[in-house]
Amino acid sequence: MLRIVMFLVALAALVVIILGAASLLGRAADSAGTALRPIWGGERGNMMAPTTFQKIAFGALLVLLLGLTGGFLGGL
């Protein structure tokens, strides 16, 4: 009988932890959505649109990473 009670208590604690984590993630997502709303400038929905500089920097980063991994794999 004690094992069943302990199992139910552990199960209830697990459910509370999971629901708390889900609530925390939901609030974090809402806060992130609020923080990403643009004050001015280009919009795509409610998200900030990337600038030309950000697009160029991202492309350069991809080229750099592909070059590094290709060099490492070629050296093996």
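When I speak of helices and strands this morning, I mean DSSP runs, with at least four residues for a helix and at least two for a strand, numbered from the N terminus. With that in hand, the order of elements in this protein chain, which is a predicted model, reads α-β-β-α from the N terminus on, and that makes 2 helices and 2 strands.

Let me turn to confidence before anything else. The chain averages a pLDDT of 81, and 80% of the residues score at least 70; the mean is highest in H1, at 88, and lowest in strand S1, residues 43–44, where it falls to 54. Where pLDDT is low, the predicted coordinates should not be read in detail.

As for the surface, 1% of the 76 residues count as buried, and the accessible surface of the chain comes to about 6900 Å², with 77% of that belonging to carbon and sulfur atoms. One nonpolar surface patch is made up of Ile4, Phe7, Leu8, Leu11, Leu14, Val15, Ile18 and Leu19, which together offer about 790 Å² of accessible area; of these residues, Ile18 sits in helix H1, which covers residues 2–35.

Finally, I would like to look at one residue in the other helix, namely Thr69, which belongs to H2, residues 52–75. Is Thr69 buried or exposed? Its relative accessibility is 42%, and because partly exposed covers the range between 20% and 50%, Thr69 counts as partly exposed. A polar atom of the Thr69 side chain also lies 3.1 Å from the backbone oxygen of Leu66.

Note on methods:
Residues are numbered from 1 along each chain as its sequence is written. Side-chain values use heavy atoms; hydrogens and water are left out. Buried means under 20% relative accessible area, exposed over 50%, partly exposed in between (1.4 Å probe, protein chains only). Accessible areas come from the Shrake-Rupley method with a 1.4 Å probe; for residues, only the protein chains shown count as cover. A polar contact is a pair of N or O atoms within 3.5 Å; within protein, one must be able to donate a hydrogen and the other to accept it, and residues adjacent in sequence count only if both atoms are side-chain atoms. Patches are made of residues with over 30% relative accessible area and no salt bridge: like charges are joined within 9 Å, nonpolar side chains (Val, Leu, Ile, Met, Phe, Trp, Tyr) within 5 Å. A salt bridge is a side-chain nitrogen of Lys or Arg within 4 Å of a carboxyl oxygen of Asp or Glu. pLDDT is the predictor's confidence in each residue, from 0 to 100.
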